[in-house]
Amino acid sequence: MRFGTKAIHAGVEPDPTTGAIMTPIYQTSTYVQAAPGDHKGYEYSRTHNPTRTALQNALAALENGTHGLCFATGMASIDAICKLFKPGDEIVSTNDLYGGTYRLFTKIFEGFGLKFRFVDMGDPANVAAAMTPNTKLIWLETPTNPLLKVIDIAAMAALAKKHGCLLGVDNTFASPYLQNPLDMGADIIMHSVTKYLGGHSDVVMGALVVKDAALAERLAFIQNSSGATPGPQDCFLVLRGLKTLHLRMQRHCENGAEVAEWLVKHPKVERVYWPGLPTHPNHAIAKAQMRGFGGMISFTLKGDRMEDAMKVLSSTELFCLAESLGGVESLLGHPASMTHASIPREERLKNGLADTLIRLSVGLEDVEDLIADLEQALA
Ligand SMILES: *Cc1c(COP(=O)(O)O)cnc(C)c1O
């Protein structure tokens, strides 16, 4: 099956009791047993729920994995990965990381004895140098937030294999429509389902997908033991969102390309970060491992005055100023004062996060209207 057909059909069967074509919202905590232990595969909804099962199977199919596991949020799914390890184990992670993941690693799991090393994964030699016999996981996201750097997944998979550790990829920014890291040698895919997979800014959820039954079993044990599972109503909303994932991503890519190319030519814009631009430093890797370049774009303003950025951010009408991304509507954000405000300014500038850096999540509106909105805001 090709991607669009899977997005609509994978994991979903007509409901066995009524034939309902849409998976019902099984709003139940428990399931009646005919005799002790004699049940239909469902005992208690923290462990299993049919609406969640359908979604987990759909996500596994879209990522070319064998097992999907859903969690209450994206962060809960990364939390579950960390619980695979024990004190003294080490994780080598990209230094250009979603802020919430950095916080979970350093403020929670360092306290439980895990060790994290943050390196620039633009050069695989940096990763090789950070590996020790205790390294159990290489963790990355690509494209990164907010500078849209692209990391070579196959190169990281080769390193993980050589050292006998796992490779985990946060695939939130790309979505399975644009890249499937399991096919490039990754062991665990993580999604903030909140973003492109849900796609309608009405759910927070996370997911993991793996292709190894033993690893799936360990993660399912953690999922059930820690209990950060999503409810059936949220699973239903995401099942509905998935059915248009391929159409939405196509349009995100088209609108992203038009907006990026328009920004490049704008006299007030200093620099545009979008992996589809031939001038992007990782364009070659992006072209090799992604099927398209998505709708996430960052740019800076000439002169680098914070007040100019503030003016733009408060002048758009269609682009709403908000955190998050990947929904049907266009959003914009200011990393320096929003998502990355907790990082000291010196540190931010060292990592390339200029005061005027503005991040766009280009939505599905008519692109002429989006460009007209940016035009008047920049004016
Ligand atoms: C949003 C996000 C997360 C966290 O997911 P939540 O659903 O908000 O918990 C993790 N990684 C990336 C890249 C994200 O954008």
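## Ligand contacts

In the ligand site, a polar side-chain atom of K195 lies 2.7 Å from an oxygen atom of the ligand. This distance, like every other value in this report, comes from a predicted model. A polar side-chain atom of S192 is placed 2.9 Å from a ligand oxygen atom, and G74 takes part through its backbone, with a polar backbone atom lying 2.9 Å from an oxygen atom of the ligand. Of the 380 Å² of accessible area that the ligand has on its own, the protein covers 92%.

## Pocket and surrounding shell

The ligand sits in the largest pocket, and two elements, α3 (74–82) and β6 (188–192), each give two or more residues to the shell around the ligand. The ligand is surrounded by 14 residues, the closest of which are M75, D170, S192, T194 and K195. When the residues of this shell are divided by character, six are nonpolar, five are polar and three are charged.

## The loop between β4 and α6

Several backbone features fall in the loop that runs between β4 (135–141) and α6 (153–163), where P143 is found. The peptide bond leading from T142 to P143 is cis, with omega near -10 degrees. P146 also has its place in the loop between β4 and α6, and a cis peptide bond, with omega of about 0 degrees, joins N145 to P146.

L148 is likewise located in the loop between β4 and α6, and although L148 is not a glycine, its phi is positive, at about 55 degrees. As a general background to these features, most residues other than glycine have a negative phi, and most peptide bonds are trans.

## A five-stranded open sheet

Elsewhere in the model, five strands form an open sheet with mixed pairing, and their order across the sheet is β8-β9-β12-β11-β10. The edges are occupied by β8 (269–273) and β10 (320–321), and because each of these strands has a single partner strand, one side of each is left without a neighbour in the sheet.

At the β10 edge, the pairing between β10 and β11 (residues 331–333) is in the parallel sense and extends over two bridges. Within this pairing, L321 has L332 of β11 as its bridge partner.

How values were computed
Residues are numbered from 1 along each chain as its sequence is written. This is a predicted model: local features need pLDDT of at least 70, side-chain atom pairs count only at pLDDT 80 or more; totals for chains, interfaces and linings use all residues. Side-chain values use heavy atoms; hydrogens and water are left out. Two strands pair if DSSP finds at least two bridges between them. Helices (H or I, at least four residues) and strands (E, at least two) are DSSP runs, numbered from the N terminus. A residue is near a molecule or strand if one of its heavy atoms lies within 4 Å of it. A polar contact is a pair of N or O atoms within 3.5 Å; within protein, one must be able to donate a hydrogen and the other to accept it, and residues adjacent in sequence count only if both atoms are side-chain atoms. Accessible areas come from the Shrake-Rupley method with a 1.4 Å probe; for residues, only the protein chains shown count as cover. On a 1 Å grid over the protein atoms alone, a cavity is a set of points where a 1.4 Å probe fits but cannot get out, and a pocket is an open set with protein on both sides within 12 Å along at least five of seven lines; lining residues have an atom within 4 Å of a point. A molecule sits in a cavity or pocket if more than half of its atoms lie within 2 Å of its grid points. Ala, Val, Leu, Ile, Met, Phe, Trp, Tyr, Cys and Pro count as nonpolar, Asp, Glu, Lys and Arg as charged, and the others, Gly among them, as polar.
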